[in-house]
Amino acid sequence: MTGRPLRYRASQFAVELTVAVAIAIVLFPFVFILATSLKPPHQVAEPGVWWFEASFANWAAVLLHSDVPANILNSLIVSLATVAIALLVGCPAAYSFSRFKAGGPARFTILSASMMPPVILILPLFLVFYHLGLLDTLAGVVVAHLTLVMPVVTWFLIGFFDDVPRELEEQAMIDGCTQFQAFVRVILPTVRPGLAGAGVFGFVLSWNDLFYALILTGGESRTLPVAIAGFWTFRGIDMGKMAVAILLAVVPVLIVSFFIQKHLIRGLGGGAIKS
Amino acid sequence: MSGARLKTLHKSFGHQEILKGIDLTIEPGSFTVLLGPSGCGKSTTLRILAGLETQTSGEVWIGHRDVSALEPRERDVAMVFQNYALYPNMTIARNMGFGLKARKTPAAEIRTRVTEAARMLGITELLGRYPRQLSGGQQQRVAIGRAIVRQPNLFLFDEPLSNLDAKLRVEMRTELLRLHRDLAATTIYVTHDQEEAMTMADRIVVMNAGQIEQIGRPDEIYFAPVSLMVAGFVGSPAMNLIDGRISTGAVETAIGRLEAKADAPAGCGIVLGIRPDDLFFPDSLEAVDQALVLDCHVEFIELLGARGIVTLRNGDTRLRGVFEERYLGRFAEGEQVRLALSRHRLHVFDRSSGRRLALAHAAPA
Ligand SMILES: Nc1ncnc2c1ncn2[C@@H]1O[C@H](COP(=O)(O)OP(=O)(O)OP(=O)(O)O)[C@@H](O)[C@H]1O
Ligand SMILES: [Mg+2]
């Protein structure tokens, strides 16, 4: 027996241990919240308790006897609409920035709206929406989210368009396309990974937003994060129901990320990897 | 099959004038090569022909149409780029058929033409694959196939072979020439590789700094370069260039006095050009043809298979000569050797303008 395989196995074990610890740290909050959501009402407020009789009382209460399903629907509508508009506008914008050097050095300023603390934007938005009658509407939330999501999506996509060789669209134009056809038929399919990445990124930003939604919506149009915050009332925190709602909020993000994780990773790299 | 014409074409990028008046007529069915050093405006010229850049002034004609203001898609040209520019999201078959589809050709005809082009290029078995699954050489064939399928008025190539390895490059050269012969398609081909230009072209257009320096058949370009720039750029190893000046009835140079009259005033500075192929042994050159006899010191010999490059020194002047194998035995490094120049193979250029000067040899004594 040489020492090498043993040492190899030892280092292998060390790697696995590190990964296991990392996963445990990441997963702990989820496990904790899952446990909380299943605790019977009288034990919910005791975080130290790990042994209890699982109860679906919280789940039933949230899913069947609360506004949370409606809030989820609101959140979905807001996030999907935000992402759709952001992509629809951000994509041609990013293409122009990349291809025609539109805006020149000013292209860095497109991020300014999303760099600003939301507090600065919220007051003007609130006043404008008040006059337009957009307060407590989903459309209002979408507009507010666009100030954040659109610049990020656009910025995200510029890198992808930068990576598309210019000859590709020139070839398409020689082959008989107009510039617009070349964009739609050749360039867009080429940056599909970027579109997917930008889409998920934008979706998560909008889906998780509490600040704008909390201030701009009140009744009917409450989104899920607002509803979650709503479990924190002056009568105390309804931990069990809150835990259920939190899980419901996280699950879609996880599912979407799982299916496009490959694209997401490439996207976060700013399209650095050429195909 | 149509020809093309460029009329006093100018192009500036910002304040920089890149093309300074290009006049060029391309005969239908010809293979024209644009040759020149990097940055001289070859690609820009080609891209203006394709409609990818707009000329600052001047006209572009393809066939009998003034296409100066037309979009690329309206010009009916096909182009092969140096990086091939295959559509990454389409199979090879769809890549090749894309141009026809964009022009609303019936699907059945697209299929026939793609199949036929693929057969000509030997890429039939690749049709179902994606570009990323192909080697560079295969991608290159697909790019050419995509151009052929279109049956365009003009084929434009911008350094299509420069990304291939040396062996493949020579193979593809032959293949492109074969295709050109079979299709008799008007072709304009940009390269900075003079060997490619020499072997492929019917006509070479030598460009320099945004201007056309010389237009001619490959042999004209090689044997009668009109300027110092063409002389120095074409030919490998490069032409030997030796400074000199005109005196009455003769040309004085560092390697000796030529009894010949150049059409320039006495005192005018000149450059004498001698191709490495044009150094001879006196016994292989008729006495009447001998313009000058040179005693040279052999510095070193580089063997290149059937030929060799010999570096020689005459006084302070270094000369390079190319000799066939059967002559190489006569050289020994460090020894003296006697060589001669042929009066038919001398090039004299005005040093200040770079223009070629005609040379009239004195009657042999
Ligand atoms: N879009 C552009 N903007 C500004 N300058 C440009 C542009 N395109 C080309 N140029 C300049 O024009 C000059 C000629 O470029 P061109 O590409 O035609 O050269 P080329 O002869 O094809 O050279 P190479 O052999 O290196 O390809 C270069 O100096 C280049 O920097
Ligand atoms: Mg070029």
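In this predicted model, the largest cavity is lined by F31(B), I144(B), I148(B), F155(B), F157(B), L176(B), L179(B), H180(B), L183(B), A185(B) and T187(B). Three elements of chain B, namely α4, β7 (154–158) and α5 (166–183), give two or more residues each to this lining. The greatest contribution is that of α5(B), with four residues. Classed by side chain, the lining of the largest cavity holds nine nonpolar and two polar residues, and charged residues are absent from it. The space enclosed in the largest cavity is about 100 Å³.

The search of the whole structure returned two cavities of 30 Å³ or more. The second largest cavity contains about 40 Å³ of space. Its lining is made up of Y222(B), G235(B), S236(B), P237(B), P276(B), D277(B), R307(B) and V322(B). Four of the lining residues of the second largest cavity are nonpolar, two are polar and two are charged.

Helix α4 of chain B, one of the elements that line the largest cavity, spans residues 136–150 and has 15 residues. The distance from its first C-alpha to its last is 22 Å, close to the 21 Å expected at 1.5 Å a residue. The helix is mostly covered, with 13 of its 15 residues buried. Both I144(B) and I148(B), which line the largest cavity, fall within the residue range of α4(B). In an α-helix, residues three or four places apart point the same way, because there are 3.6 residues a turn. After α4(B) comes Q151(B), which has a positive phi near 50°.

Between the two chains, 23 residues of chain B are in contact with 16 residues of chain A. The size of an interface is often given as the accessible area lost when the parts come together. For chain B and chain A, the buried area is about 1,800 Å², and carbon and sulfur atoms give 60% of it. Of the area that chain B buries against chain A, 27% is supplied by R73(B), Y87(B) and F98(B), more than by any other three residues.

Residues of both chains also line the second largest pocket, which has 18 lining residues. Those nearest its centre are M173(A), G51(B), L52(B), E53(B) and T54(B). Helix α7 (residues 166–174) of chain A provides the largest share of this lining, four residues. By class, the lining of the second largest pocket comprises eight charged, six nonpolar and four polar residues. The volume of the second largest pocket is about 290 Å³.

Technical notes: Residues numbered from 1 in each chain as written. Chains lettered and ligands numbered in written order. Predicted model: local features only at pLDDT ≥ 70, side-chain atom pairs only at ≥ 80, totals over all residues. Heavy atoms only, no water. 1 Å grid on protein atoms, 1.4 Å probe; cavity = no way out; pocket = protein on both sides within 12 Å on 5 of 7 lines; lining within 4 Å. Points joined across faces, edges and corners; volume = space filled by probe spheres on them. Nonpolar A, V, L, I, M, F, W, Y, C, P; charged D, E, K, R; others polar. Expected span 1.5 Å × (residues − 1). Buried < 20%, exposed > 50% of the residue type's maximum accessible area, 1.4 Å probe, protein only. Contact = heavy atoms within 4.5 Å. Buried area = accessible area lost by both parts, 1.4 Å probe.
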